[in-house]
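This report describes how a protein surrounds a ligand and where a further pocket is found. Please keep the sequence and the structure in view while reading.

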Amino acid sequence: MTTLGIAGAGQLGRMMTLAAAPLGIRTVMLDPSRDACGQRFGDHLVADFDDLEAMASLAQQVDVATFEFENIPPESVAKLAEQVPVHPPAEALATARDRWAEKSLFRDLDIPLPPVARIDSQEDLDQAVREIGLPAVLKTRTLGYDGKGQKVLRDQDDVAGAHAELGALPCVLEGFVNFSQEVSCLGVRTAKGQMRFYDLVVNEHDAGILFRSQPAPGHRLQSLAEDYTGRVMEHLNYVGVMAFEFFCVEGQLLANEIAPRVHNSGHWTIEGARTSQFENHVRAVCGLPLGSTETREAVVMLNVYGERPNVTELLSIPGAAWHDYEKVPRPGRKIGHITLHAADMRRLQGIEQAARACLRNQRS
Ligand code: AMP
């Protein structure tokens with residue numbers, strides 16, 4: 001029997017644990033929060049991610065380790081790797097943590113991306129704005145997520161002092177992309193190099209925050225997205241699920257970012273694909289063969305922020321599934337997601353409308 005270590009016991013760790021259970025795989029999660037939402041389902045070590053002794057203790061209890069998110073200190077990843085195999089590899093985490101490293105990798109692998117410059121000072125920013133033009137987006141190189149640590153620069157007034165506004169941290173400046181769609185490609189790779197991809201997912205954001213994801217079987221950019229995602233996974237000798245987010249512009253893909261882990265835009269796979277992203281991630285990191293990534297039927301996922309929906313009403317809708325992360329609701333906090341599935345798109349639209357009526361105070 002395999003025991004899987006997971007750094008992080010939030011909703012991603014929880015959904016990995018739930019996917020591991022039927023395979024007879026136990027999990028031990030390490031998370032600093034005593035009431036982390038995954039802890040009820042697997043063993044839980046309460047420790048900070050930079051606690052090297054705790055990492056060594058986690059490694060002692062497991063056969064293989066993985067991560068719920070990329071911002072684990074490199075020393076902690078190295079500590080784990082001294083004792084057990086860790087997937088995905090440290091290089092994938094390091095690349096995804098740093099926007100400049102990430103963009104440099106895309107460039108090295110001939111994957112198109114928006115114009116970008118490295119910014120370490122206001123002078124760098126002034127120079128980059130002259131080259132890239134406006135509008136543009138200034139983003140911190142590390143620890144940015146859900147639109148945090150970024151600022152859209154629309155005119156010269158926005159440029160003055162913008163670097164200081166982001167804490168004078170190392171940044172990148174990216175040209176603003178007038179995209180027609182944002183999509184993500186979820187790929188999974190085994191240690192032997194077997195790769196599978198889910199249908200391309202169309203994502204809708206509001207103020208940088210994801211609220212709706214829907215797979216688009218037969219999307220005309222599917223094979224291009226698989227090509228780019230496969231290039232990155234092969235280069236990194238990647239094992240597990242990876243999400244690659246792209247902007248669609250004039251029938252082409254421009255790389256935005258990679259997430260070296262299971263991803264919110266793949267939550268629909270629990271009900272909507274033959275094998276969920278969580279199960280395939282667990283299978284890949286535990287050395288098991290991958291399951292089919294085929295989409296079962298029409299499906300859409302809605303994130304739920306701030307307040308629980310009317311669950312009784314929601315679950316009376318055929319094809320509605322509610323995933324409650326058991327988090328204390330707070331304004332703007334992601335506390336769960338809804339998956340809706342139906343035999344065809346027409347029926348799906350009907351149930352999506354009904355499901356949205358059960359959402360209170362939602363952004364959509
Ligand atoms: P990120 O954290 O880089 O994925 O950015 C969060 C969201 O902000 C993206 O999903 C886009 O909706 C938007 N965004 C980020 N970068 C750009 C850009 N260069 N041009 C236009 N929109 C962007």
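In what follows, Ala, Val, Leu, Ile, Met, Phe, Trp, Tyr, Cys and Pro count as nonpolar, Asp, Glu, Lys and Arg count as charged, and the others, Gly among them, count as polar. The model discussed here is predicted.

**Domains**

The protein is divided into domain 1 (3-86), domain 2 (115-175) and domain 3 (181-363). Taken over C-alpha atoms, the centres of domain 1 and domain 2 are separated by 35 Å.

**The ligand and its shell**

Around the ligand there are 15 residues, of which K139, E174, V177, E182 and E257 come nearest. By character, the shell around the ligand divides into five nonpolar, five polar and five charged residues. Domain 2 (115-175) and domain 3 (181-363) each supply at least three residues to this shell.

Polar contacts to the ligand are listed in the table below.

| Residue | Part of the residue | Ligand atom | Distance |
|---|---|---|---|
| K139 | N or O atom of the side chain | oxygen | 2.7 Å |
| V177 | N or O atom of the backbone | nitrogen | 2.8 Å |
| G175 | polar atom of the backbone | nitrogen | 3.0 Å |

How much of the ligand's accessible area does the protein cover? On its own, the ligand has 470 Å² of accessible area, and the protein covers 92% of it. The size of an interface is often given in this way, as the accessible area lost when the parts come together. Two or more residues of the shell around the ligand come from each of the elements β6 (136-140), β8 (171-175) and β14 (252-259).

**The second largest pocket**

Empty space can be located by rolling a probe the size of a water molecule over the atoms. The second largest pocket holds about 210 Å³ of space. Its lining consists of 13 residues, and M15, L18, I270, F278 and H323 are the closest to its centre. The elements that give two or more residues to this lining are α1 (11-20), α11 (277-285) and β16 (320-324).

Which element gives the most to the lining of the second largest pocket? The answer is α1, with four residues. In character, the lining of this pocket divides into six nonpolar, three polar and four charged residues. At least three residues of the lining come from each of domain 1 (3-86) and domain 3 (181-363).

**Summary**

The shell around the ligand draws on domain 2 and domain 3, whereas the lining of the second largest pocket draws on domain 1 and domain 3.

Technical notes: Residues are numbered from 1 along each chain as its sequence is written. This is a predicted model: local features need pLDDT of at least 70, side-chain atom pairs count only at pLDDT 80 or more; totals for chains, interfaces and linings use all residues. Side-chain values use heavy atoms; hydrogens and water are left out. A residue is near a molecule or strand if one of its heavy atoms lies within 4 Å of it. A polar contact is a pair of N or O atoms within 3.5 Å; within protein, one must be able to donate a hydrogen and the other to accept it, and residues adjacent in sequence count only if both atoms are side-chain atoms. Accessible areas come from the Shrake-Rupley method with a 1.4 Å probe; for residues, only the protein chains shown count as cover. Domain bounds come from an automatic or database domain assignment. On a 1 Å grid over the protein atoms alone, a cavity is a set of points where a 1.4 Å probe fits but cannot get out, and a pocket is an open set with protein on both sides within 12 Å along at least five of seven lines; lining residues have an atom within 4 Å of a point. Grid points are joined across faces, edges and corners, and a volume is the space filled by probe spheres set on the points.
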